[in-house]
Amino acid sequence: MVTGHLLGVVDLVGVPESVALAREYVRRKLGAGHPALDEVTLLVSEVVTNSVVHSDSRDGGTVTLALADCQDFVHVDVVDAGGESTPQVCHDPYAEGGRGLMLVDLMSKTWSVYEDEAGRTVWFEVAYERPPSPDVRDERAHPGSL
């Protein structure tokens, strides 16, 4: 069983300006020293952009962002009203758009899309290693000093 800590949930308006708000929310909730900050911020930006541009939440609907830190990975849910097509990875590096989910696919530990009558959730997990606690000595660096 995975345990974690819910960092927060925020409802955003389905407009392009909310992408910057989503990035700031991630930075605030994870904190400047978090080892997955840059990766999570980038991927949230990509997925929220997809929601505010392509989903039925665009033009002022609701996009919900949820973050949880699960000790060695960050879990993110981006929920919108769904749309006509299911998000999928664009494998054409020369396409004008569609690289957001390619980044999610490359940088996340795992990800998926869940759809039902209520809408759509794109979720992903970004793995990270916690830096060792400063009060834990490394026996390899100081043999026999414990």
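Which residue in E3 is the bridge partner of Leu65? In this predicted model, that partner is Val78. The pair belongs to a stretch where E2 and strand E3 (residues 73-80) run antiparallel, joined over 6 bridges. The two strands make up a hairpin, with 3 residues between them. One of the turn residues, Gln71, takes a positive phi of about 80°.

E2 has another partner in strand E1 (residues 5-13). Here too the pairing is antiparallel, this time with 8 bridges. As one example of the register, Leu12 sits opposite Val63 in E2. As for the surroundings of E2 (residues 62-69), 7 of its 8 residues are buried, so the strand is largely enclosed by the rest of the structure.

Strand E5 (residues 119-127) brings in a pair of charged residues worth a look, starting with Arg120. With a relative accessible area of just 4%, Arg120 counts as buried because the cut-off is under 20%. Its side chain isn't left without a polar partner: there is a polar contact with the side chain of Glu115, at 3.5 Å.

Glu125 is found in E5 as well. Its relative accessibility comes out at 12%, which puts Glu125 in the buried class too. The side chain of Glu125 makes a polar contact with that of His75, at 3.0 Å. Setting aside neighbours within four places in sequence, Glu125 touches two runs of the chain: Phe73, Val74 and His75 on the one hand, and Ser108, Lys109 and Thr110 on the other.

Technical notes:
Residues are numbered from 1 along each chain as its sequence is written. This is a predicted model: local features need pLDDT of at least 70, side-chain atom pairs count only at pLDDT 80 or more; totals for chains, interfaces and linings use all residues. Side-chain values use heavy atoms; hydrogens and water are left out. Helices (H or I, at least four residues) and strands (E, at least two) are DSSP runs, numbered from the N terminus. Buried means under 20% relative accessible area, exposed over 50%, partly exposed in between (1.4 Å probe, protein chains only). A polar contact is a pair of N or O atoms within 3.5 Å; within protein, one must be able to donate a hydrogen and the other to accept it, and residues adjacent in sequence count only if both atoms are side-chain atoms. Contact means heavy atoms within 4.5 Å. Two strands pair if DSSP finds at least two bridges between them.
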